[in-house]
Amino acid sequence: MLPLPVERRVELALDPAQPHALEELRTTWRIQALPNGGSRIDLHVLTDSGLPVPGFIERAVAEGTARTSLDELVVALNPGI
């Protein structure tokens, strides 16, 4: 896959100068126009709570958060849905 133009990529991370409850959170959205007129959205989330919990719990929380974010993005882009 070719690198996407900067205007089609959004990267988010915690501000280390501000208080937060997570050890680490980095998110990257990549939006790619498809030849048929649709779009493909790739979402990559890296999260670490800093708590002594099993990895599967960390992944479940990250997946739930990503799913909610993606659902909200779809509604924002298509208000009639």
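Begin by selecting Leu51, Val53, Phe56, Ile57 and Val61, which together form a nonpolar patch on the surface of this predicted model, with about 460 Å² of accessible area between them. With the patch highlighted, centre the view on leucine 51, which sits in the loop between strand E3 (39-48) and helix H1 (55-77). Leucine 51 counts as exposed because its relative accessibility is 54%.

Next, select serine 49, which is found in the loop between E3 and H1. Is serine 49 buried or exposed? Serine 49 counts as buried, since its relative accessibility is 15%, and the cut-off for that class is under 20% relative accessible area. Display its side chain and follow two polar links: one reaches the backbone nitrogen of leucine 51 at 3.1 Å, and the other is a polar contact with the side chain of glutamate 58, at 2.5 Å. If residues up to four places away in sequence are set aside, serine 49 touches Ala21, Leu22, Glu23 and Glu58, so these four residues are a useful selection to show around serine 49.Now zoom out and colour by secondary structure, which shows one helix and three strands in the order β-β-β-α along the sequence. Buried residues make up 11% of the 81 residues in the protein. The protein exposes about 6,400 Å², and carbon and sulfur atoms supply 59% of that area. For a view of the contacts, consider those between residues at least 6 apart in sequence: 25% of these join residues at least 24 apart.

The last stop concerns charged side chains. How many salt bridges does the structure hold? The structure holds two, and each can be selected as a pair.

For one pair, select arginine 40 and aspartate 42, whose closest N and O atoms are 2.9 Å apart in the salt bridge that they form. Arginine 40 counts as partly exposed, with a relative accessibility of 40%, whereas aspartate 42 is buried, with a relative accessible area of 15%.

For the other pair, move to helix H1 and select glutamate 63 and arginine 67, which both lie in that helix, four residues apart, or about one turn of the helix. Glutamate 63 forms a salt bridge with arginine 67, and here the closest N and O atoms are 2.9 Å apart. Glutamate 63 counts as partly exposed at 47% relative accessibility, and arginine 67 counts as partly exposed at 49%.

Conventions. Residues are numbered from 1 along each chain as its sequence is written. This is a predicted model: local features need pLDDT of at least 70, side-chain atom pairs count only at pLDDT 80 or more; totals for chains, interfaces and linings use all residues. Side-chain values use heavy atoms; hydrogens and water are left out. Patches are made of residues with over 30% relative accessible area and no salt bridge: like charges are joined within 9 Å, nonpolar side chains (Val, Leu, Ile, Met, Phe, Trp, Tyr) within 5 Å. Accessible areas come from the Shrake-Rupley method with a 1.4 Å probe; for residues, only the protein chains shown count as cover. A salt bridge is a side-chain nitrogen of Lys or Arg within 4 Å of a carboxyl oxygen of Asp or Glu. Helices (H or I, at least four residues) and strands (E, at least two) are DSSP runs, numbered from the N terminus. Buried means under 20% relative accessible area, exposed over 50%, partly exposed in between (1.4 Å probe, protein chains only). A polar contact is a pair of N or O atoms within 3.5 Å; within protein, one must be able to donate a hydrogen and the other to accept it, and residues adjacent in sequence count only if both atoms are side-chain atoms. Contact means heavy atoms within 4.5 Å.
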